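Hi,

Here's the structure I promised to pass on. Have a look at it first, and then read my notes on what turned up.

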Amino acid sequence: MRTRLKICCISSRAEASLAIEVGASAIGLVSAMPSGPGVIPETLITELAALAPIGVAAVLLTSLGTADALIEQQRRCRADVLQLCEVVPHDDLKRLRDALPGTRFMHVVHVGGEDSIAEAEAVAPLVDALLLDTGARVGAVRELGGTGRTHDWAISARIVAATDRPTFLAGGLHAGNVGEAIATVRPYGIDVCSGVRANGTLDRERLKCFTAAVDAAGGQS
């Protein structure tokens, strides 16, 4: 089975169309964040989410961390998937299930040390998928994604082995390293933003090189 491809930071109809054309199974639409690229207004998120055809998931990246706020945002934006970049309390995750039937939930784990494995194991039963990224939820500048940095893929591989949820790998991926990342981690899918852009814009040639590298890495075991 081909490794799934999520192309993130989509900012226009043209970028959404290009991502879909090259075979993306998901497009990432970024709402307000404390830092990082790709933030677009919720009105545009709603518009682009409605364009996604059957088989391509519109993923809303959100920094909100409570059930009430997330429910309101999803009812405005109507995405297929909520990518939870902030830590959401487990009780709130259960409330989301009840309030938003049909919506899928992907929880971000910012991969660091051994504690990242424990975090992933704890939250996995409450969501539909995990996304392993590079970032920091604390500090002078909170980084909830889009850092363009890799992390320790050995830890990510252990998370994939320890959980039964589909897992996407993100963080500093490009055509030159994505094959090694797939071989090391064996993720369900790959998430890419800066690695397929030139001057901040989605680039057709970089996309072609990236998708070719993903395909060359082979399907997952």
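Let's start with Lys6. Leaving aside residues up to four places away in sequence, Lys6 touches Ala26, Gly28, Val59, Leu61, Gln83, Leu131, Phe168, Ile190, Asp191 and Val192. One thing to keep in mind throughout: this is a predicted model. You'll find Lys6 in strand S1. Is Lys6 buried or exposed? Lys6 is buried, because its relative accessible area is 0%, and the cut-off for buried is under 20%.

Now the nonpolar cores. In soluble globular proteins, nonpolar side chains tend to be buried together. Here, the largest nonpolar core has 57 residues, and Ile7, Ile10 and Phe210 have the most contacts inside it. A separate core of 18 residues lies apart from that one, and its members include Ala26, Val30, Val108 and Leu144. If you want to explore one residue of the largest core, try Phe210: not counting residues up to four places away in sequence, Phe210 touches Leu5, Leu173, His174, Ala175, Val178, Ile190, Val192 and Val196.

Next, two helices that are good for practising. In helix H2, which covers residues 42-51, Ile45, Leu48 and Ala49 are buried. Why are they on the same side of H2? Because they cover an arc of only 105° around the axis. The exposed residues Thr43 and Ala50 are carried on the face of H2 turned away from that buried side. As for partners, the buried residues of H2 pack against helix H1 (13-21), strand S2 (26-30), S3 and helix H3 (67-77).

H3 can be read in a similar way. Its buried residues are Ala67, Leu70, Ile71, Gln73, Gln74 and Cys77. Looking down the axis of H3, you'd see these fall within an arc of 170°, so they line one face of the helix. They pack against H2, S3, S4 and helix H4 (90-99).

Just before H3 there's a loop to check. Gly65 sits in the loop between S3 and H3. Which residues does Gly65 touch, not counting those up to four places away in sequence? They are Glu86, Val87, Val88, Pro89 and Asp92. Gly65 and Leu93 are also a pair to look at: they are 28 residues apart in sequence, and their C-alpha atoms are 9.7 Å apart in space.

On the other side of H3, the helix is followed by Arg78, which has a positive phi near 60°. Arg78 is not a glycine, despite that positive phi. Arg78 belongs to the loop between H3 and strand S4 (81-84). With 65% relative accessibility, Arg78 counts as exposed, because exposed means over 50%.

Asn199 is another residue other than glycine with a positive phi, in this case near 55°. Its place is the loop between strand S9 (197-198) and strand S10 (201-202). Asn199 is exposed too, since its relative accessible area is 84%.

Finally, the empty spaces. Rolling a probe the size of a water molecule over the atoms shows where empty space is left. Here's what came out for the pocket and the cavity:

- The largest pocket has a volume of about 260 Å³. It is lined by 17 residues, and those closest to its centre are Ala57, Val81, Arg104, Phe168 and Tyr188. Strands S1 (4-7), S3 (57-62) and S5 (104-110) each supply at least two residues of this lining. By class, the lining of the pocket divides into 10 nonpolar, two polar and five charged residues.
- How many cavities of 30 Å³ or more does the structure hold? It holds one. The largest cavity has a volume of about 280 Å³. Of the 27 residues that line the largest cavity, Asp133, Gly145, Gly146, Asp191 and Cys193 lie nearest its centre. Strand S6 (129-133) and strand S8 (189-192) each give at least two residues to the lining of the largest cavity. The classes in that lining are 13 nonpolar, 11 polar and three charged.

If you'd like one residue to come back to, pick Asp191: it is among the residues nearest the centre of the largest cavity, and it is one of the residues that Lys6 touches.

Cheers

How values were computed: Residues numbered from 1 in each chain as written. Predicted model: local features only at pLDDT ≥ 70, side-chain atom pairs only at ≥ 80, totals over all residues. Heavy atoms only, no water. 1 Å grid on protein atoms, 1.4 Å probe; cavity = no way out; pocket = protein on both sides within 12 Å on 5 of 7 lines; lining within 4 Å. Points joined across faces, edges and corners; volume = space filled by probe spheres on them. Helix = DSSP H or I, 4+ residues; strand = E, 2+ residues; numbered from the N terminus. Nonpolar A, V, L, I, M, F, W, Y, C, P; charged D, E, K, R; others polar. Buried < 20%, exposed > 50% of the residue type's maximum accessible area, 1.4 Å probe, protein only. Arc of directions from axis to C-beta. Contact = heavy atoms within 4.5 Å. Core = buried A, V, L, I, M, F, W, Y, C linked by side-chain atoms within 4.5 Å.
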